[in-house]
Amino acid sequence: MTLTSQLEQAALWLRQARSVAVLTGAGISAESGVPTFRAPAGRAPTVREGVPPLWNNFRAEDLATPEAFQRDPLLVWQWYDWRRGLIAACKPNLGHFALAGLEDQKEDFTLITQNVDGLHNRAGSRKILKIHGDIWWVQCLSCHKVTSDFRVPLPALPPHCSCGGMLRPAIVWFGESLPLQTWNQAETAAQSCDLFLVAGTSAVVYPAASLAPLAKRHGARVIEINMEETPLSGAADISLRGPSGEILPALIAS
Ligand code: BJW
Ligand code: ZN
């Protein structure tokens with residue numbers, strides 16, 4: 001099947017679907033200039049585009065853990081400060097805007113994102129399940145209150161909450177549980193949709209990677225959009241190979 005005929009088939013399924021759920025990952029923001037986390041399977045992790053030498057030496061698995069923050073809060077804080085500055089200078093792309101438009105077209109629509117960059121909000125999406133948190137939120141280590149913080153740059157040291165506790169990025173790190181209510185809503189959407197669309201994720205981080213198989217077990221059609229093959233590609237009903245900033249607008253407009 002050519003990309004054009006796959007796209008036509010996928011567009012037909014999308015038009016026919018009453019209930020649509022979408023899962024996005026870092027790849028959807030790549031065309032906005034936000035670096036992704038991982039090199040494709042089998043490819044050596046060389047210098048990642050847009051990542052300065054200091055941060056290129058670290059993997060998300062080295063910095064995005066409660067242990068890393070405990071060991072060296074300043075290093076982790078500086079990593080977030082660099083990423084917030086980078087993201088603040090980026091704009092949503094046509095993929096983000098296409099999904100915001102799809103929300104208006106569908107009676108039942110759920111956008112689930114692993115991304116913490118806030119670009120779906122800036123594109124106009126309204127109902128967003130942020131299963132890995134948000135880079136523009138901070139959380140108190142003592143009272144656990146979550147607040148927004150849009151400062152760029154951040155203060156040099158992690159600030160403190162009014163209760164005296166240290167603030168940390170309100171992001172779900174490795175080994176931490178996902179926000180329960182948000183996760184439950186994501187699972188419900190996957191179980192009840194007719195069509196599950198997955199865009200720009202390597203599909204290796206769990207439990208997010210379990211949503212598409214869950215949707216499929218409950219009878220949904222699964223469409224994947226990715227530049228590369230992923231562990232999900234074989235199980236997807238259609239896997240569209242290419243940039244989400246081009247494929248999503250084409251899929252949603254046709
Ligand atoms: C394009 C494109 C374009 C490029 N168009 N496409 C075995 C060992 C140890 C742990 C585990 C294990 N098995 C499972 C676990 C648990 C762990 C996990 O999954 N680890 C795996 C790495 C193995 N998961 C967890 O710990 C989760 N919690 C949990 O399970 O709780 C229960 C529990 C509690 C206690 C103990 C054990 C379990 C939490 C996961 C939290 C993930 N958090 C991060 C935060 C990073 C920090 C930050 O953002 O500040 O979330 S990690 C990082 O990966 C980030 C992302 O949301 C997530 C997913 O990455 P994503 O979005 O898929 O990006 P990439 O870079 O991987 O892929 C980009 C894709 O885009 C590629 O495919 C490209 O081809 C494509 N692309 N350009 C379309 N233009
Ligand atoms: Zn507090």
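Let me start with the contact between helix α1 and helix α11, where Leu-3, Leu-7, Ala-10, Ala-11 and Leu-14 of α1 meet Ile-247, Ala-250, Leu-251 and Ile-252 of α11, contact meaning heavy atoms within 4.5 Å. By class, this contact of α1 with α11 holds nine nonpolar residues, no polar and no charged ones, where Ala, Val, Leu, Ile, Met, Phe, Trp, Tyr, Cys and Pro count as nonpolar, Asp, Glu, Lys and Arg as charged, and the others, Gly among them, as polar.

This is a predicted model, in which local features need pLDDT of at least 70 and side-chain atom pairs count only at pLDDT 80 or more, while totals for chains, interfaces and linings use all residues. Residues are numbered from 1 along each chain as its sequence is written, chains are lettered from A and ligands numbered from 1 in the order in which they are written, and side-chain values use heavy atoms, with hydrogens and water left out.

Helices α1 (residues 3-16) and α11 (residues 244-253) pack at about 55°, their axes 8 Å apart, and they are therefore oblique to each other, a word for angles that are not under 35 degrees, over 145, or 65 to 115.

Turning to the sheet, six strands form an open sheet in the order β3-β2-β1-β7-β8-β9, with parallel pairing, and two strands pair if DSSP finds at least two bridges between them. The edge strands are β3 (128-130) and β9 (238-241), each pairing on one side only. Strand β2 (residues 108-113) pairs with β3 over three bridges, and Ile-112 has Leu-129 in β3 as its bridge partner.

Finally, α1 lies across β1, β7, β8 and β9, running at about 125° to β9, whereas helix α9 (residues 180-192) lies across β1, β2, β3 and β7, at about 125° to β3.

Definitions and conventions. Axes fitted to C-alpha atoms, helices over the stretch in contact; angles between N-to-C directions. Helix = DSSP H or I, 4+ residues; strand = E, 2+ residues; numbered from the N terminus.
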